[in-house]
Amino acid sequence: MKRYAPLIIFAALVVLLAVGLTLNPREIPSVMIGKPAPNFKLDRLDAPGQFSPSELKGQAYLLNIWASWCGACIQEHPVLNDIAKSYKVKLVGLAYKDRDEDAKTWLQTRGNPYAVVVADRDGRVGIDYGVYGVPETFVIDKAGIITYKHIGPITPEVFKNTILPELQKAQR
(Lines give C-alpha, C1' and ligand atoms only; values in the text may rest on other atoms or scores of the structure.)
Protein backbone atom coordinates (compact mmCIF):
# COMPACT_ATOMS: atom_id res chain seq x y z
CA MET A 1 0.00 0.00 0.00
CA LYS A 2 2.89 2.37 0.79
CA ARG A 3 4.09 1.80 -2.74
CA TYR A 4 0.88 3.30 -4.16
CA ALA A 5 0.66 6.28 -1.78
CA PRO A 6 2.42 8.74 -4.15
CA LEU A 7 0.15 7.66 -7.01
CA ILE A 8 -2.99 8.12 -4.85
CA ILE A 9 -1.82 11.56 -3.70
CA PHE A 10 -1.03 12.56 -7.29
CA ALA A 11 -4.45 11.38 -8.50
CA ALA A 12 -6.18 13.33 -5.71
CA LEU A 13 -4.28 16.49 -6.67
CA VAL A 14 -5.22 16.03 -10.34
CA VAL A 15 -8.89 15.72 -9.38
CA LEU A 16 -8.72 18.86 -7.19
CA LEU A 17 -6.99 20.80 -9.97
CA ALA A 18 -9.57 19.65 -12.53
CA VAL A 19 -12.43 20.78 -10.29
CA GLY A 20 -10.70 24.10 -9.61
CA LEU A 21 -10.31 24.79 -13.32
CA THR A 22 -14.08 24.53 -13.81
CA LEU A 23 -14.80 27.30 -11.28
CA ASN A 24 -15.39 30.93 -12.26
CA PRO A 25 -12.77 33.17 -10.57
CA ARG A 26 -15.28 36.07 -10.62
CA GLU A 27 -17.60 34.12 -8.35
CA ILE A 28 -15.76 34.56 -5.10
CA PRO A 29 -18.26 33.90 -2.33
CA SER A 30 -18.88 36.87 -0.09
CA VAL A 31 -19.63 36.46 3.59
CA MET A 32 -21.48 39.79 3.31
CA ILE A 33 -24.39 38.39 1.27
CA GLY A 34 -27.51 38.42 3.42
CA LYS A 35 -25.96 40.72 6.01
CA PRO A 36 -26.56 44.41 6.68
CA ALA A 37 -24.40 46.69 4.57
CA PRO A 38 -21.76 48.26 6.79
CA ASN A 39 -22.72 51.79 7.67
CA PHE A 40 -20.27 54.61 7.17
CA LYS A 41 -20.09 58.37 7.05
CA LEU A 42 -17.72 59.70 4.40
CA ASP A 43 -17.01 63.02 2.74
CA ARG A 44 -18.83 63.58 -0.52
CA LEU A 45 -16.85 64.37 -3.66
CA ASP A 46 -19.85 65.53 -5.68
CA ALA A 47 -21.30 68.00 -3.17
CA PRO A 48 -20.42 69.58 0.15
CA GLY A 49 -20.94 67.55 3.30
CA GLN A 50 -20.95 63.89 4.16
CA PHE A 51 -23.03 60.88 3.20
CA SER A 52 -24.16 57.76 5.03
CA PRO A 53 -26.04 54.84 3.48
CA SER A 54 -28.57 55.16 6.28
CA GLU A 55 -29.92 58.07 4.21
CA LEU A 56 -31.05 55.52 1.62
CA LYS A 57 -33.00 53.28 4.02
CA GLY A 58 -36.13 52.15 2.21
CA GLN A 59 -34.46 52.35 -1.22
CA ALA A 60 -32.57 49.68 -3.12
CA TYR A 61 -29.33 50.85 -4.71
CA LEU A 62 -26.02 49.82 -6.21
CA LEU A 63 -22.78 50.59 -4.40
CA ASN A 64 -20.01 50.75 -6.99
CA ILE A 65 -16.45 50.76 -5.68
CA TRP A 66 -14.02 52.29 -8.17
CA ALA A 67 -10.83 54.34 -8.47
CA SER A 68 -9.28 56.68 -11.02
CA TRP A 69 -6.12 54.54 -11.01
CA CYS A 70 -8.09 51.38 -11.91
CA GLY A 71 -7.71 50.11 -15.48
CA ALA A 72 -10.83 47.92 -15.37
CA CYS A 73 -12.84 50.92 -14.13
CA ILE A 74 -12.14 52.64 -17.47
CA GLN A 75 -13.83 49.70 -19.21
CA GLU A 76 -16.79 49.76 -16.81
CA HIS A 77 -17.45 53.50 -16.68
CA PRO A 78 -19.30 53.94 -20.01
CA VAL A 79 -21.60 51.10 -18.98
CA LEU A 80 -22.36 52.86 -15.69
CA ASN A 81 -23.12 56.07 -17.59
CA ASP A 82 -25.56 54.14 -19.83
CA ILE A 83 -27.18 52.49 -16.80
CA ALA A 84 -27.68 55.87 -15.13
CA LYS A 85 -29.34 57.26 -18.29
CA SER A 86 -31.44 54.22 -19.22
CA TYR A 87 -32.63 52.79 -15.90
CA LYS A 88 -34.08 54.12 -12.69
CA VAL A 89 -31.13 52.90 -10.67
CA LYS A 90 -29.63 54.73 -7.74
CA LEU A 91 -25.87 54.42 -8.05
CA VAL A 92 -23.61 55.30 -5.13
CA GLY A 93 -19.95 55.63 -6.08
CA LEU A 94 -17.22 54.96 -3.55
CA ALA A 95 -13.81 56.26 -4.69
CA TYR A 96 -11.49 53.68 -3.13
CA LYS A 97 -7.99 54.71 -1.95
CA ASP A 98 -8.01 57.59 -4.41
CA ARG A 99 -6.95 61.20 -4.28
CA ASP A 100 -9.93 63.55 -4.27
CA GLU A 101 -8.68 65.64 -7.19
CA ASP A 102 -7.96 62.56 -9.31
CA ALA A 103 -11.43 61.15 -8.65
CA LYS A 104 -13.12 64.50 -9.39
CA THR A 105 -11.15 64.92 -12.63
CA TRP A 106 -12.08 61.36 -13.64
CA LEU A 107 -15.78 62.12 -13.20
CA GLN A 108 -15.55 65.49 -14.97
CA THR A 109 -13.76 63.88 -17.91
CA ARG A 110 -15.75 60.66 -18.22
CA GLY A 111 -19.15 61.69 -16.85
CA ASN A 112 -20.70 61.14 -13.45
CA PRO A 113 -23.29 58.34 -13.34
CA TYR A 114 -23.57 58.46 -9.55
CA ALA A 115 -26.34 59.97 -7.45
CA VAL A 116 -23.75 60.27 -4.67
CA VAL A 117 -19.95 59.97 -4.74
CA VAL A 118 -17.94 59.51 -1.55
CA ALA A 119 -14.23 59.30 -0.77
CA ASP A 120 -12.88 56.20 0.98
CA ARG A 121 -9.39 57.68 1.19
CA ASP A 122 -7.82 55.08 3.46
CA GLY A 123 -9.82 52.09 2.20
CA ARG A 124 -11.38 51.23 5.56
CA VAL A 125 -14.94 51.15 4.23
CA GLY A 126 -13.77 48.90 1.40
CA ILE A 127 -12.29 46.55 3.98
CA ASP A 128 -15.62 46.54 5.86
CA TYR A 129 -17.33 45.45 2.64
CA GLY A 130 -14.74 42.75 1.97
CA VAL A 131 -13.41 44.37 -1.20
CA TYR A 132 -10.77 42.32 -3.02
CA GLY A 133 -10.04 44.98 -5.63
CA VAL A 134 -11.77 47.50 -7.83
CA PRO A 135 -14.21 47.62 -9.43
CA GLU A 136 -16.72 45.80 -7.28
CA THR A 137 -20.46 46.41 -7.14
CA PHE A 138 -22.95 45.53 -4.43
CA VAL A 139 -26.73 45.32 -4.68
CA ILE A 140 -28.25 46.60 -1.44
CA ASP A 141 -31.95 46.09 -0.79
CA LYS A 142 -34.55 48.40 0.75
CA ALA A 143 -33.76 47.08 4.23
CA GLY A 144 -30.04 47.81 3.82
CA ILE A 145 -29.07 44.14 3.28
CA ILE A 146 -26.40 43.16 0.74
CA THR A 147 -28.08 40.76 -1.67
CA TYR A 148 -25.45 40.42 -4.41
CA LYS A 149 -21.79 41.22 -5.08
CA HIS A 150 -20.19 41.51 -8.51
CA ILE A 151 -16.42 41.48 -8.81
CA GLY A 152 -14.85 43.11 -11.84
CA PRO A 153 -16.17 45.49 -14.45
CA ILE A 154 -19.88 45.50 -15.24
CA THR A 155 -20.65 44.78 -18.89
CA PRO A 156 -24.03 45.46 -20.51
CA GLU A 157 -24.72 41.71 -20.48
CA VAL A 158 -23.81 41.30 -16.81
CA PHE A 159 -26.03 44.23 -15.91
CA LYS A 160 -29.07 43.03 -17.89
CA ASN A 161 -28.75 39.33 -17.08
CA THR A 162 -27.53 39.38 -13.48
CA ILE A 163 -27.40 42.72 -11.70
CA LEU A 164 -30.71 44.16 -12.93
CA PRO A 165 -32.72 41.07 -11.85
CA GLU A 166 -30.98 41.16 -8.46
CA LEU A 167 -31.77 44.86 -8.12
CA GLN A 168 -35.40 44.28 -9.08
CA LYS A 169 -35.67 41.63 -6.36
CA ALA A 170 -34.03 44.04 -3.91
CA GLN A 171 -36.63 46.72 -4.70
CA ARG A 172 -39.56 44.49 -3.67
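Asn64 has 0% relative accessibility and therefore counts as buried (under 20% relative accessible area, with over 50% exposed and values in between partly exposed, for a 1.4 Å probe and protein chains only). Its place is in strand β3, a good spot to begin a tour of this predicted model.

Two notes on the numbers come first. Residues are numbered from 1 along each chain as its sequence is written, and side-chain values use heavy atoms, with hydrogens and water left out. Because the model is predicted, local features need pLDDT of at least 70 and side-chain atom pairs count only at pLDDT 80 or more, while totals for chains, interfaces and linings use all residues.

**Overall layout**

- The protein chain holds 5 helices and 7 strands; helices (H or I, at least four residues) and strands (E, at least two) are DSSP runs, numbered from the N terminus.
- Read from the N terminus, the order of elements is α-β-β-β-α-β-α-β-α-β-β-α.
- The chain has 172 residues, and 42% of them count as buried.
- Taking contacts (heavy atoms within 4.5 Å) between residues at least 6 apart in sequence, 72% join residues at least 24 apart.
- About 9700 Å² of the protein chain is exposed, with 58% of that supplied by carbon and sulfur atoms; these areas come from the Shrake-Rupley method with a 1.4 Å probe, and for residues only the protein chains shown count as cover.

**The nonpolar core**

- In soluble globular proteins, nonpolar side chains tend to be buried together.
- The largest nonpolar core has 48 residues, and Leu63, Trp66, Leu94 and Tyr129 touch the most other members; such a core is a set of buried Ala, Val, Leu, Ile, Met, Phe, Trp, Tyr and Cys residues joined through side-chain atoms within 4.5 Å.
- Elements that each supply at least two residues of this core include β3 (61–66), α2 (71–86), β4 (91–96), α3 (100–110) and β5 (116–120).
- Leu94 touches Phe40, Leu42, Leu63, Asn64, Ile65, Trp66, Val118, Asp120 and Val125, leaving aside residues up to four places away in sequence.

**Strand β3 and its partners**

- β3 is largely enclosed by the rest of the structure, because 6 of its 6 residues are buried.
- Both of its faces are covered, with Tyr61, Leu63 and Ile65 buried on one side and Leu62, Asn64 and Trp66 buried on the other.
- In a regular strand the side chains alternate between the two faces of the sheet.
- Among the residues that Asn64 touches, not counting residues up to four places away in sequence, are Glu76, Leu80, Leu94, Tyr114 and Glu136.
- β3 runs antiparallel to β6, joined by 5 bridges, and Ile65 stands opposite Glu136 there; strands pair if DSSP finds at least two bridges between them.
- β3 also pairs with β4, in the parallel sense and over 5 bridges, with Leu62 opposite Leu91.
- Going from β3 through α2 to β4, the chain makes a right-handed β-α-β crossover; right-handed means that, with the strands pointing away from the viewer, the path from the first strand over the helix to the second runs clockwise.

**Strand β5**

- β5 is mostly covered, with 5 of its 5 residues buried.
- Val116, Val118 and Asp120 are buried on one side of β5, and Val117 and Ala119 on the other.
- β4 and β5 pair in the parallel sense over 5 bridges, and Ala119 in β5 is the bridge partner of Ala95.
- The chain crosses from β4 through α3 to β5, again as a right-handed β-α-β crossover.

**Helix α3**

- Ala103, Trp106 and Leu107 are buried in α3.
- These residues lie on the same side of α3, because they cover an arc of only 90° around the axis, where the arc is that of the directions from the helix axis to the C-beta atoms.
- Their cover includes β3, α2, β4 and β5.
- Gln108 and Thr109 are exposed on the face of α3 turned away from its buried side.
- Gly111 follows α3, and its phi is positive, near 100°.

**Backbone details to check**

- Most residues other than glycine have a negative phi, and most peptide bonds are trans.
- Lys97, in the loop between β4 and α3, has a positive phi near 50°.
- Lys97 counts as partly exposed because its relative accessibility is 43%.
- Val134 and Pro135 are joined by a cis peptide bond, with omega about -5°.
- Pro135 is found in the loop between α4 (124–128) and β6.
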